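User: I am new to this structure and would be grateful for a close look at a single part of it. Please treat the aromatic side chains and their surroundings in one connected account.

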Amino acid sequence: MVAPRTAQPTVGFVDGYCAGYQDLFVEVRAFEAFKHLHLGLISELKRKSLPAIAKVTGLPNAQSLQQFLVKSPWQASDLCLSHWWQVNQAAYQDNCHPRSGGLAYQTHLDSPN
């Protein structure tokens, strides 16, 4: 059995952010398109069209991005739920969260009031 190939890297922080969503995509090509779209959205492009994003991210054309949006077997509801989960986890781990013992919580506990 052949092991599935890994996604091609883009920019470190884009890859890091998108890694939390990788399990939503069955195909590596879909995950790569997801990363390319994110990279294109944060680029300095004035017009964020699929052909422009494809060009700035080094893709030969916008076909893979178009197929990702139209024909890919991922569910938008799963993507939204995963995003919600990641945002809540990040907020929970924030230094000011009471359970983390962050500065805001310690200041509150040490206060004489």
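How many aromatic pairs does a search of the whole structure find?

Analyst: The model shown here is predicted. A search of the whole structure finds 9 aromatic pairs. One of them is formed by F25 and W74, whose rings are edge-to-face, with 6.2 Å centre to centre and 70 degrees between the planes. F25 lies in the loop between α1 and α2, while W74 lies in the loop between α4 and α5 (76-92), so this pair ties together parts that are 49 residues apart in sequence. F25 is buried because its relative accessible area is 8%, under the 20% limit. W74 also counts as buried, at 18% relative accessibility.

Another pair consists of F31 and F34. Their ring centres are 6.5 Å apart and their planes stand at 25 degrees, so the pair is stacked. Both residues belong to helix α2, where a spacing of 3 residues separates them by about one helical turn. F31 is buried, with a relative accessibility of 4%, and F34 is buried as well, with a relative accessible area of 5%.

These four residues are members of one aromatic cluster, which consists of Y17, Y21, F25, F31, F34, F68 and W74. The contacts of F34 show how this residue is placed among the others. Leaving out residues up to four places away in sequence, F34 touches C18, Y21, F25, F68 and L79. Of these partners, Y21, F25 and F68 are also named in the aromatic cluster.

The contact between F34 and C18 deserves a closer look. C18 is found in helix α1 and is buried, with a relative accessibility of 0%. In sequence, C18 and F34 are 16 residues apart, and their C-alpha atoms are 7.7 Å apart in space. Apart from neighbours within four places in sequence, C18 is in contact with F31, F34, K35 and H38. C18 therefore touches both members of the stacked pair described above.

The aromatic residues can next be set against the nonpolar core. The largest nonpolar core has 19 residues, and those with the most contacts inside it are F25, F31, F34, L37, L65 and F68. At least two residues of this core come from each of the helices α1 (12-19), α2 (28-41), α3 (50-56) and α4 (63-71). Helix α2 gives the most, with 6 residues. F25, F31, F34 and F68 thus appear both among the residues with the most contacts inside the core and in the aromatic cluster, a statement that rests on the two lists taken together and on the rule that core residues are buried.

Charged side chains also accompany this region. Side chains of opposite charge can pair when their charged atoms come close. K35, already named as a contact of C18, forms a salt bridge with D15, the closest N and O atoms being 3.0 Å apart. This pair links distant parts of the chain, with D15 in helix α1 and K35 in helix α2, 20 residues apart. D15 is buried, with a relative accessible area of 17%, and K35 is buried at 3%.

A further salt bridge involving helix α2 joins E32 to R5, with the closest N and O atoms 2.8 Å apart. Here too distant parts of the chain are linked: E32 is in helix α2, R5 is in the segment before α1, and the two are 27 residues apart. E32 counts as buried at 11% relative accessibility, whereas R5 is partly exposed at 43%. R29 forms a salt bridge with E27, the closest N and O atoms being 3.4 Å apart. In this case R29 is exposed, at 57% relative accessibility, and E27 is partly exposed, at 37%. The count of salt bridges comes to 3.

Finally, nonpolar side chains also occur on the surface. V11, F13, L41 and I42 form a nonpolar patch there, with about 390 Å² of accessible area together. V11 is found in the segment before α1 and is partly exposed, with a relative accessible area of 32%.

Technical notes
Residues numbered from 1 in each chain as written. Predicted model: local features only at pLDDT ≥ 70, side-chain atom pairs only at ≥ 80, totals over all residues. Heavy atoms only, no water. Core = buried A, V, L, I, M, F, W, Y, C linked by side-chain atoms within 4.5 Å. Buried < 20%, exposed > 50% of the residue type's maximum accessible area, 1.4 Å probe, protein only. Helix = DSSP H or I, 4+ residues; strand = E, 2+ residues; numbered from the N terminus. Contact = heavy atoms within 4.5 Å. Patch = residues over 30% accessible without salt bridge, like charges linked within 9 Å, V, L, I, M, F, W, Y side chains within 5 Å. Areas by Shrake-Rupley, 256 points an atom, 1.4 Å probe, with all protein chains shown as cover. Salt bridge = Lys/Arg side-chain N within 4 Å of Asp/Glu carboxyl O. Phe/Tyr/Trp six-rings, centres within 6.5 Å; stacked < 30°, edge-to-face > 60°.
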